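The following exchange examines one model through a series of questions. Please consult the sequence and the coordinates alongside it.

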Amino acid sequence: MNTRLPFALLAVLAAACGGALSESASSGTPERPTQTSATNPGVVPTSTATSGNPAPPSAPNAPNAEGVDVLLCDGKTKANFATGTPGNQIASALMNEWLRKNPDAHWESNERASHGLQPASDNKELVGKASPGQTYGHISEQDVALWKIETERLALAGSRVFHSADELGSTVAVSCDMCHPHAENTHPETYPKFQAQLGRVVLLRDMINWCMQHPVRAEPLSADDPRMRAMEAYIYAQRRGKTLEYGKH
Amino acid sequence: MPRGPFKSVETKYMEEREAALTALGRLDRRAFLKVSLATAGVVAAQGIVNPQSFQPIRVASAAEAGKGEPFRIAYISDSHLYDRTINDRFVNSLMRAVDDVNAMSPAPDFVLYGGDLAQLGQARELDLGAQILKNLKVPVRMMVGEHDWYLDMGEKWRDLFGPPTYSFDHKGVHFVVLNSVVEKDFWTARKLTPMQRMKTVAGLDNGMQSSFTVGDEQRAWLKKDLEKLAPTAPLVVFSHSPLYKLYKPWNFWTDDADEVQAILKRFKNVTVIHGHTHQMLTNRIGNIHFHGMLSTAWPWPYAPQGLPELTVQMSRPDPFDPQDGCGDGQITVHPDGLVDKLYNLWNRNPVNVERSYLASKGTRNKPAASTLTRY
Ligand SMILES: [Fe+2]
Ligand SMILES: [Fe+2]
């Protein structure tokens with residue numbers, strides 16, 4: 001056993017703990033992004049904390065002749081290792097077990113590889129601009145990287161819903177991409193506008209719901225449904241660079 | 001225009017239709033006889049009349065000197081059938097197309113089915129399609145699409161319809177049917193199941209798949225098949241994908257299009273009719289004239305990176321009209337191998353793209369442009 005174990009676990013397990021589908025970055029009031037970053041991957045390495053003893057993760061916290069129980073930060077995945085098992089072996093064994101139970105773990109990269117995504121702005125020009133005491137007081141490379149990753153993650157979640165009749169809840173096996181590949185022909189930049197067929201002014205989400213009810217034959221989504229938020233994100237993302245022209249027909 | 005009361009798209013449409021009917025009443029018998037039989041057939045079948053579609057094109061072309069007479073074929077394409085219990089909308093649309101074709105008078109010589117009969121290549125989808133197509137009164141020539149193929153690599157389709165690559169002669173015109181949806185293996189290395197493979201290909205915007213090709217084998221076959229023909233022989237090629245390179249991310253594209261075009265180069269006139277793009281699409285590359293087909297299931301958007309210069313855009317489909325932008329059509333084949341291509345857009349006026357429009361590189365007989373084009 002050596003002192004590198006906690007770091008190995010931290011690096012590998014961050015993917016497992018921070019990679020789940022969430023909108024964590026978008027909730028709450030604006031915080032200093034570095035704080036968000038630091039709190040995001042909640043790594044709780046191994047201890048089941050039966051005692052108050054701040055023992056290193058590799059130490060036998062439940063003395064057992066047959067080895068050590070190690071618990072993954074998901075609080076569920078657990079395995080027993082012989083005392084003296086190298087930390088990297090423990091880490092990869094736990095990670096493999098977690099991946100086996102979570103076959104969808106790589107959904108983000110799969111979604112990106114399948115359907116592509118227009119990149120979010122990288123905000124590189126803001127890096128290093130210091131103005132102490134402000135919300136955007138000092139912006140690091142990690143900050144802008146995090147903003148981009150989190151924003152694209154929401155859009156990717158939207159892409160996944162958009163391309164899946166099941167996630168949309170379609171009763172006729174129809175998904176959005178069947179008429180709108182790459183979200184083409186969705187023209188979000190033209191909303192709000194007077195929708196002649198409905199006789200009223202609508203937002204993009206109203207048209208999403210119109211499609212949900214008609215071609216897709218699914219239940220309409222509430223405005224704050226995570227699927228609605230994600231799909232809006234995806235559709236706007238795909239029209240990056242287009243001029244806003246609300247009211248345009 | 002003066003401000004009037006709010007009128008829905010439907011109201012405006014009915015008003016236009018009314019105006020057209022009135023205008024038709026004013027045509028004298030002589031003028032009426034100039035009306036294209038092809039157009040009239042469609043028009044009568046769906047109860048729409050519009051003087052714009054009554055251009056006396058066919059009269060002019062019929063008078064052309066040539067070995068044979070022009071003849072007419074019909075097309076139906078891209079029905080994307082699910083099993084009836086899952087989704088009956090696409091099933092009903094295919095039945096509507098069959099009714100359209102059966103209502104043509106005189107009947108077409110045969111019907112081309114343009115591929116993507118099934119949505120996920122499943123036996124029950126293909127069986128259902130075959131069953132519906134049996135209601136056609138005239139023979140059908142089948143072409144395969146990627147949605148028919150990638151579940152069982154064409155096994156069921158071949159069972160039902162025979163080999164996907166073949167040729168035949170009809171009234172002095174040589175017809176070739178290709179399987180242009182051959183993709184190189186992207187599934188073995190990724191250990192995809194047949195259904196995962198099918199669903200990957202079925203996603204138009206799914207970048208995990210490969211590009212469509214005709215492939216070495218079929219190109220060799222094509223070369224040999226055309227060997228015996230004189231350069232002046234009228235030649236029509238049916239392929240599911242456009243046999244040129246338009247937009248790769250959606251496979252509006254054939255990867256070996258240049259090689260295929262090279263084989264066709266020695267002919268004076270070649271017509272290529274393709275499916276897959278679900279839209280009005282027209283192109284000309286040298287001696288080769290390309291025409292797309294409408295889908296009965298749904299229209300695809302136009303490729304974001306632009307369109308061939310000669311394409312006459314279809315009107316922007318109205319999502320509130322479930323069959324808008326869909327339809328079927330007719331092809332009048334002339335003795336020189338060039339065609340008049342009629343897009344029978346359901347619930348809209350038919351649009352005829354004449355051979356003279358393409359032959360004159362767009363300077364003559366340009367079809368009326370639609371007012372609402374893509375975003
Ligand atoms: Fe299709
Ligand atoms: Fe297709």
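Q: What spacing do the donors of the iron ion (ligand 2) follow along the chain?
A: This is a predicted model, in which local features need pLDDT of at least 70, side-chain atom pairs count only at pLDDT 80 or more, and totals for chains, interfaces and linings use all residues. Residues are numbered from 1 along each chain as its sequence is written, chains are lettered from A and ligands numbered from 1 in the order in which they are written, and side-chain values use heavy atoms, with hydrogens and water left out. Donors are N, O and S atoms within 2.8 Å of the metal (3.2 Å for Na, K and Ca), and sites may look incomplete because water is not among the atoms. For the iron ion (ligand 2), the spacing is D-x29-E-x93-H-x35-H.

Q: Which residues coordinate the iron ion (ligand 2), and at what distances?
A: Glu146 of chain B appears with two OE entries, as B:Glu146 (OE) and B:Glu146 (OE). The other entries are B:Asp116 (OD), B:His240 (NE2) and B:His276 (ND1), and the distances are 2.2 to 2.5 Å.

Q: How many residues apart are B:Glu146 and B:His240?
A: Helices (H or I, at least four residues) and strands (E, at least two) are DSSP runs, numbered from the N terminus. B:Glu146 belongs to helix α7 (residues 146-149) of chain B, whereas B:His240 is in the loop between β6 (235-239) and β7 (245-247). The pair thus links distant parts of the chain, and the separation is 94 residues.

Q: Which residue coordinates both iron ions?
A: The iron ion (ligand 2) and the iron ion (ligand 1) are 3.4 Å apart. The residue that coordinates both is B:Asp116.

Q: What is the mean pLDDT of chain B?
A: The pLDDT is the predictor's confidence in each residue, from 0 to 100. In chain B, 82% of the residues reach 70 or more, and the mean is 87. Over residues 25-66 of chain B, however, the pLDDT is below 50; beyond near neighbours in sequence, this stretch has 60 contacts (heavy atoms within 4.5 Å) in the model. The mean pLDDT of chain B is 87.

Q: What area do chain A and chain B bury between them?
A: The contact involves 30 residues of chain A and 26 residues of chain B. Buried area is the accessible area (1.4 Å probe) that two parts lose on being put together, summed over both. Carbon and sulfur atoms account for 62% of it, and the total is about 2,400 Å².

Q: How many salt bridges are counted between chain A and chain B?
A: A salt bridge is a side-chain nitrogen of Lys or Arg within 4 Å of a carboxyl oxygen of Asp or Glu. By this rule, 20 are found over all chains. Between chain A and chain B the count is 0.

Q: Which residue forms a salt bridge with A:Arg160?
A: A:Arg160 is in helix α5 (residues 141-162) of chain A, and its partner is 56 residues apart, in the loop between α3 (87-101) and α4. The closest N and O atoms are 2.5 Å apart, and the partner is A:Asp104.

Q: Which residue does a cis peptide bond join to B:Ser105?
A: At this bond omega is about 0 degrees. The partner lies in the loop between α5 (89-103) and β2 (111-113) of chain B. The residue is B:Pro106.
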